[in-house]
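Here are a few notes to read with the model open beside you. Take them one point at a time and find each residue as you go.

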Amino acid sequence: MTDKLEMTKKRYDEINEKLSDAEVISNQELYRSLMREHKGLTPVVEKYAEYTTAKTEFDEAKQMLDEGGLDAELKEMARLQYDDSKEKIAACEEELKILLLPRDPDDDRNVIIEIRGGAGGDEAALFANSLYRMYTMYGQLKGWRVEVINSNPTELGGFKEISFSVEGEGAYAKLKYESGVHRVQRVPETESQGRVHTSTITVAVLPEVEEVDVEINPADLTFQTYRAGGAGGQHVNKTESAIRIIHAPSGIVVECQEERSQHKNKDKALKMLYSKLYETAIAEQTGKIAEQRKIQVGTGDRSERIRTYNYPQGRVTDHRIGLTLYKLTNILNGDCDEVFDALRIADQAAKLANVQE
């Protein structure tokens with residue numbers, strides 16, 4: 001581990017030197033790339049500095065205690081420094097093991113989220129709206145930009161399906177564990193007997209990618225235009241500005257009707273298509289690894305029931321890590337960090353266990 005940390009520190013110092021070079025500064029693409037790498041290495045280098053400081057203090061205290069000849073006060077100070085630095089070294093070592101784990105290259109990307117109503121009809125559609133609101137409010141707390149790509153609203157104020165982009169620092173790193181089946185248990189407003197109904201929706205979280213990440217043959221694409229429409233006359237226009245794109249080899253169909261401009265709708269739909277094809281390629285590469293994982297966190301399996309939202313009990317349970325919180329209202333209002341952080345920590349622990357095996 002020390003060799004790897006020394007190499008990381010050396011690379012960090014090299015980047016620092018390059019970032020002050022006039023030629024590098026004038027090359028915006030290179031400069032941005034180095035800044036991203038610098039940002040990724042900074043937590044490791046800072047923690048390594050903490051570790052080396054603690055190690056030096058430990059060695060000094062040990063030497064003082066080994067040599068002896070100290071009065072009672074100095075001996076107590078040396079003993080405290082010895083114990084304190086020993087604890088710091090152990091803590092830093094654990095944190096450095098996690099920081100040195102291979103980083104998900106998609107963590108810094110923006111995301112596209114798709115929410116679709118599953119079992120439960122209107123109740124599922126209403127809950128799809130609740131989850132859309134939850135992610136939107138979470139994005140607002142983080143200072144992210146949330147923008148609807150396509151939606152199919154219902155008369156009661158729900159969504160049969162809705163897709164939207166989330167742009168902001170670390171969006172995918174935080175939201176990537178949300179893919180899967182979300183289950184809601186509550187009493188519908190239309191239920192006169194007060195019985196609890198169970199409904200489900202599926203969520204897919206896709207990293208937003210550029211054209212350079214995925215190769216598409218233009219001949220494989222079919223573009224269709226149609227008039228935008230929605231429940232209750234929402235978003236209805238008289239021109240064919242809505243766009244549908246069909247990718248023949250994969251059978252993937254994407255749509256966008258939220259913008260009045262056909263050109264903007266086309267751009268958004270293409271972004272979604274690129275992201276879906278990228279997700280498919282990554283899933284094929286990581287499928288075998290996911291099968292071997294003990295904790296299926298963040299594998300993106302849309303058929304897996306990942307979380308239950310129980311309204312009568314005010315409870316949210318994430319089934320992958322056995323986390324239960326009685327904070328339903330807070331979570332649905334965007335206070336999701338406790339859940340998302342617990343998933344990240346569990347994922348890191350699983351990866352660390354695999355490395356050590």
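1. Is Phe340 buried or exposed? Keep in mind that this is a predicted model. With a relative accessibility of 3%, Phe340 counts as buried, because the cut-off for that label is under 20%.

2. Now look for the rings. The whole structure holds 7 aromatic pairs. In one of them, Tyr138 meets Phe340 edge-to-face, with 5.0 Å from centre to centre and 80° between the planes. This pair ties together distant parts of the chain: Tyr138 belongs to helix H5 (residues 122-142) and Phe340 to helix H9 (residues 337-356), 202 residues apart. Tyr138 counts as buried too, at 1% relative accessibility.

3. There's also a ring cluster to find: Tyr132, Phe159 and Phe164 are linked by ring pairs.

4. Next, the sheet. It is open, has 8 strands and mixed pairing, and its order is S2-S3-S1-S5-S4-S9-S10-S11. Strands S2 (145-153) and S11 (323-325) have a single partner strand each, so they stand at the edges with one side lacking a neighbour in the sheet. On average, neighbouring strands are turned by 15° against each other, direction ignored.

5. Zoom in on S1 (residues 111-117) and S3 (residues 159-167): they run antiparallel and are joined by 6 bridges. Glu114 stands opposite Ser163 in S3. Helix H5 packs on the sheet, and the strands it touches include S1, S2 and S3. The direction of H5 makes about 45° with that of S5.

6. Finally, two arginines. Arg109 lies over the face of Tyr278, 5.1 Å from the ring centre. Arg186 has its charged end over the ring of Tyr311, at 4.8 Å from the centre.

Key. Residues numbered from 1 in each chain as written. Predicted model: local features only at pLDDT ≥ 70, side-chain atom pairs only at ≥ 80, totals over all residues. Heavy atoms only, no water. Phe/Tyr/Trp six-rings, centres within 6.5 Å; stacked < 30°, edge-to-face > 60°. Helix = DSSP H or I, 4+ residues; strand = E, 2+ residues; numbered from the N terminus. Buried < 20%, exposed > 50% of the residue type's maximum accessible area, 1.4 Å probe, protein only. Lys NZ or Arg CZ within 6 Å of the ring centre and 35° of its normal. Pairing = 2+ DSSP bridges. Axes fitted to C-alpha atoms, helices over the stretch in contact; angles between N-to-C directions. Contact = heavy atoms within 4.5 Å.
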